[in-house]
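Subject: Handing over the structure

Hi there,

Here is the structure I promised to pass on to you. Please open it alongside this email and follow along as you read.

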Amino acid sequence: YFYLFLLVLFSWSCHGLQTYQTQLLLQIRKHLEYPSQLQILDNYNGDLCNLSAMSNLTISCQDNFVTEFKIRGDKVANVSDFNGYAIPSKTLSKTFSIDSLVTTLTRLTSLKVLSLVSLGIWGPLPDKIHRLYSLEFLDLSSNFMFGSIPPQISRMVKLQTLTLDGNYFNDTIPNTLDSLSNLSVLSFRGNRLKGQFPSSICRISSLTDVAMCHNKLSGKLPDLSSLTRLRVLDVRENRLDSELPVMPQGLVTALLAKNLFSGEIPAQFGVLSHLQHLDLSFNQLSGTPPSALFDLPSISYLNLASNVLSGSLPEHLTCGSKLGFVDISNNKLVGDLPSCLDNKSDKSVVKYGGNCLSTDGQQQHQGLYCKEANTRRSGRKIAVLVAIIVVSVLLLMLLAFGILILFQRCRPRRTFETHIRQKVVQDNPTTGVSSEVLANARFISEVAKLGTQGTPICRLFSMEELEEATNNFDSSMFMGEGFTGKLYKGRLENGTYVVIRSLTLQKKYSIQNLKVRLDFLSKLHHPHLVGLLGHCIAGGVQDDSGASKVFLVYDYVPNGNYRMHLSETCPEKVLKWSDRLAILIDVAKAVHFLHTGVIPGVYNNRLKTNNILLDEHRLAKLSDYGMFIIMEENEKLEAGF
């Protein structure tokens with residue numbers, strides 16, 4: 001009977017999980033305004049996890065949890081004058097809420113693959129998208145999302161593919177994407193993105209495909225040689241105006257057409273042995289193209305049209321055996337056309353019109369046209385060089401003068417500022433805020449600064465939520481007690497596991513100061529820090545000493561602490577030296593961020609082996625950081641007693 005009871009209980013539990021997951025899918029269908037692709041849910045009574053994959057709908061599960069959800073609709077985003085509002089028959093209705101849709105999606109906590117394509121989704125992509133922490137594949141192409149790409153997306157560290165093609169994002173690309181250390185495909189095609197190409201992308205060594213074409217990116221294209229796995233680079237139709245950078249040796253396809261690239265084609269392009277497709281057309285490239293480009297072992301497509309290339313190609317130029325298309329038209333090339341480019345064979349297509357070549361083939365300009373162009377270009381180069389020298393001399397003179405003035409005024413100004421700061425602290429003893437916080441107002445200014453950047457405010461939990469999450473702080477949920485209070489494991493209403501720290505603070509502790517400090521800590525986001533999700537200040541709950549209770553809610557890290565994995569008593573858990581080194585490097589990154597990544601820096605972080613936690617992938621996350629910010633005033637109050 002006992003085993004029968006366990007079997008029934010297990011079956012009921014699995015059925016409950018299936019029912020909950022099904023209800024979430026039905027809510028998503030409602031948010032998407034009942035697309036035809038989900039009509040199958042109306043009369044389907046079976047297990048959705050066993051639903052056969054279709055061309056426009058895929059639902060996959062693992063252990064009764066949805067892990068893959070793909071829908072392809074028919075609302076193609078091809079509106080040229082989209083202004084951020086709903087468009088009948090193109091987008092979802094005016095009542096659609098992208099925030100509600102993402103909130104429901106985040107409850108699918110085991111989701112690894114999410115694809116919502118051509119569904120008419122409109123609005124700015126919410127910051128909370130990062131709560132889909134298990135995602136490895138995200139595709140939101142061909143919708144009507146606009147605004148900025150949330151910087152918090154860089155917290156989705158398991159992502160391997162990120163595709164936002166064909167939307168209307170019109171801000172700069174976040175420069176924090178290097179946190180996505182597993183990313184292989186990054187595609188933002190066909191948006192309205194502006195600003196510079198983020199340098200952080202050059203630090204994602206796992207990238208194989210980068211596509212940023214059809215945007216409004218400007219400035220410099222950085223050195224990409226560190227991306228040793230990169231195979232496809234597509235930045236066509238932007239406003240990039242630098243010289244061509246060094247490319248990775250394994251590059252297969254490089255599409256850089258219709259930009260403002262200038263200077264000569266680097267000789268390094270002539271040693272890219274894996275390169276098959278190179279498109280540099282419609283730029284402002286000059287000089288003579290490297291002969292080695294035409295003889296690369298894998299090259300099949302080479303487009304250098306509509307630049308200002310000059311000089312003559314070698315008479316005995318060698319062309320690669322796979323070269324099937326060459327376009328050097330509309331440049332300033334002179335001399336004879338090399339025999340390997342003479343278009344007498346049906347095996348290849350060669351376009352060379354619009355130059356000054358000595359050939360009877362495609363239409364050419366007179367030699368004077370190319371000569372005058374070269375002369376004008378040389379004159380411009382000299383003028384630019386002279387201008388640069390003059391401006392550099394003037395800047396050096398102004399810099400020297402400025403340093404002299406600054407040196408003369410520096411010490412008196414510092415003395416004045418010190419006097420004013422001391423006076424402000426002395427003149428505000430009864431404002432309700434401690435003099436320490438007024439003197440160290442950097443906490444307040446930093447919280448305000450982060451708030452203006454769209455960082456979410458620290459969540460305020462109710463006491464009822466925490467009691468429900470911990471079964472009224474039952475002893476079975478107790479995890480231990482340390483220097484900074486008791487720890488309990490909890491489960492929130494949405495199924496998320498958390499750790500709740502119980503602190504005891506003196507009754508005279510300023511609640512206003514405490515909230516400022518907690519808001520500051522909640523905005524410290526880093527892949528190797530345990531995130532502070534929120535807090536509960538229970539002013540009415542006091543212990544025998546008349547002190548108030550404060551509860552801090554953190555992310556739950558499941559794999560124990562570093563000390564557990566150093567113990568010889570558990571050989572199966574002991575780490576290799578390479579793993580230990582990787583964990584210490586992760587901790588060093590977290591400490592470096594706390595010291596230098598925020599103002600003011602966060603110090604005294606209690607670096608101990610039991611404060612270094614490991615997640616399911618053995619990535620290190622530092623806990624107990626910043627506790628001195630909360631406890632220092634409390635300790636002063638205790639000392640006063």
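Below is what I found, going through the sheets, one loop residue and two of the helices.

One point before the details: this is a predicted model.

Let me begin with the sheets. Three strands make up an open sheet with parallel pairing, and their order is S4-S6-S8. Its edges are strand S4 (122–124) and strand S8 (168–169), each of which has a single partner strand, so one side of each has no neighbour in the sheet. S4 and S6 run parallel and are joined by three bridges. If you would like a residue pair to look up, Pro124 has Phe146 in S6 as its bridge partner.

Another open sheet is built from five strands, again with parallel pairing, in the order S16-S18-S20-S22-S24. Here strand S16 (262–264) and strand S24 (356–357) are the edge strands, and each of them pairs on one side only. Further in, strand S20 (residues 308–312) and strand S22 (residues 332–335) run parallel, with three bridges joining them. Ser312 finds its bridge partner in S22 at Val334.

Next, a loop residue: where does Ser141 lie? You will find Ser141 in the loop between strand S5 (137–139) and strand S6 (144–147). Is Ser141 buried or exposed? Its relative accessible area is 10%, which is under the 20% cut-off, so Ser141 counts as buried. The side chain of Ser141 also makes a polar contact with the side chain of Asp139, at 2.5 Å. Leaving aside residues up to four places away in sequence, Ser141 touches Leu116, Val117, Ser118, Thr163, Leu164, Asp165 and Asn167.

Now to the helices. Helix H3 (residues 98–105) is mostly covered, with six of its eight residues buried. Those buried residues of H3 are Ile98, Leu101, Val102, Thr103, Thr104 and Leu105.

Helix H4 spans residues 367–426 and contains Met397. With a relative accessible area of 54%, which is over the 50% cut-off, Met397 counts as exposed. Which residues make the nonpolar surface patch that Met397 belongs to? Met397 shares it with Ile382, Leu385, Val386, Ile389, Val390, Val393 and Leu394, and the patch covers about 770 Å².

Happy to talk any of this through whenever it suits you.

Best wishes

Terms used: Residues numbered from 1 in each chain as written. Predicted model: local features only at pLDDT ≥ 70, side-chain atom pairs only at ≥ 80, totals over all residues. Heavy atoms only, no water. Helix = DSSP H or I, 4+ residues; strand = E, 2+ residues; numbered from the N terminus. Buried < 20%, exposed > 50% of the residue type's maximum accessible area, 1.4 Å probe, protein only. Polar contact = N/O pair within 3.5 Å; in protein donor to acceptor, adjacent residues only side chain to side chain. Contact = heavy atoms within 4.5 Å. Patch = residues over 30% accessible without salt bridge, like charges linked within 9 Å, V, L, I, M, F, W, Y side chains within 5 Å. Areas by Shrake-Rupley, 256 points an atom, 1.4 Å probe, with all protein chains shown as cover. Salt bridge = Lys/Arg side-chain N within 4 Å of Asp/Glu carboxyl O. Pairing = 2+ DSSP bridges.
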